Amino acid sequence: MVRTIDRNRVKISQNMWVENLQQEIENTKGKFFSAVFEKRDGTIRKMVCRTGVSKGVSGAGLKYNARERGNVIVWDVKVKDFRTIPLRRLIDLQVNKRKYINSLLPF
């Protein structure tokens, strides 16, 4: 059974929404999940991804704090490279048999 959490029904602030999504993604502990979000250029991207991948990591790290900006760095299974998910522009996320729908996008 898939539980759906629709932001239309649950009225929470954008910052709290992003914080909840970051927590859910961190709790996957390397398991696969799917995400649909709007890219910066306005196109929609769908991906199956996971966290906790260390392949190709040089050890230098990012030049910014992704969590503070509301982003999550994941490994895209199809492209086989790291990608950034902007949680503020997230449309749909399916994690641990739960589906999160952001129907109150700020644009």
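## Aromatic pairs, helix H1 and Thr 84 in a predicted model

A search of the whole structure, which is a predicted model, finds two aromatic pairs.

Student: What is the geometry of the pair formed by the rings of Trp 17 and Tyr 100?

Tutor: The centres of the rings of Trp 17 and Tyr 100 are 6.4 Å apart, and their planes stand at 70°. Planes over 60 degrees apart count as edge-to-face, so the pair of Trp 17 and Tyr 100 is edge-to-face.

Student: How many residues apart in sequence are the parts that this pair ties together?

Tutor: Trp 17 belongs to helix H1, which covers residues 14–26, whereas Tyr 100 belongs to strand S7, which covers residues 98–101. Both Trp 17 and Tyr 100 are buried. Because one ring comes from the helix and the other from the strand, the pair ties together parts whose separation in sequence is 83 residues.

Student: Which class does the pair of Trp 75 and Phe 82 fall into, and is Phe 82 buried, partly exposed or exposed?

Tutor: With ring centres 5.0 Å apart and planes at 80°, the pair of Trp 75 and Phe 82 is edge-to-face. Trp 75 has a relative accessible area of 12% and is therefore buried. For Phe 82 the relative accessibility is 27%, so this residue counts as partly exposed.

Student: Where do the buried residues of H1 lie around the axis?

Tutor: In H1 the buried residues are Gln 14, Trp 17, Val 18, Leu 21, Gln 22, Glu 24 and Ile 25. Because they cover an arc of only 165° around the axis, they lie on the same side of H1.

Student: Which residues does Glu 24 touch, not counting residues up to four places away in sequence?

Tutor: Glu 24 lies in helix H1 and, with a relative accessible area of 16%, is buried. Under that restriction on sequence neighbours, the residues that Glu 24 touches are Val 95, Asn 96, Arg 98 and Tyr 100.

Student: How far apart are the end C-alpha atoms of H1, and what span should its 13 residues have?

Tutor: At 1.5 Å a residue, the 13 residues of H1 should span 18 Å. The computed separation of the end C-alpha atoms agrees with that expectation, since it is 18 Å.

Student: What separates the C-alpha atoms of Thr 84 and Val 74?

Tutor: Thr 84 is placed in strand S5, which covers residues 81–86, and at 34% relative accessibility this residue counts as partly exposed. Leaving aside neighbours within four places in sequence, Thr 84 is in contact with Phe 37, Tyr 64, Asn 71, Val 72 and Ile 73. Thr 84 and Val 74 are 10 residues apart along the chain, and their C-alpha atoms are separated by 6.3 Å.

How values were computed. Residues numbered from 1 in each chain as written. Predicted model: local features only at pLDDT ≥ 70, side-chain atom pairs only at ≥ 80, totals over all residues. Heavy atoms only, no water. Helix = DSSP H or I, 4+ residues; strand = E, 2+ residues; numbered from the N terminus. Buried < 20%, exposed > 50% of the residue type's maximum accessible area, 1.4 Å probe, protein only. Contact = heavy atoms within 4.5 Å. Phe/Tyr/Trp six-rings, centres within 6.5 Å; stacked < 30°, edge-to-face > 60°. Expected span 1.5 Å × (residues − 1). Arc of directions from axis to C-beta.
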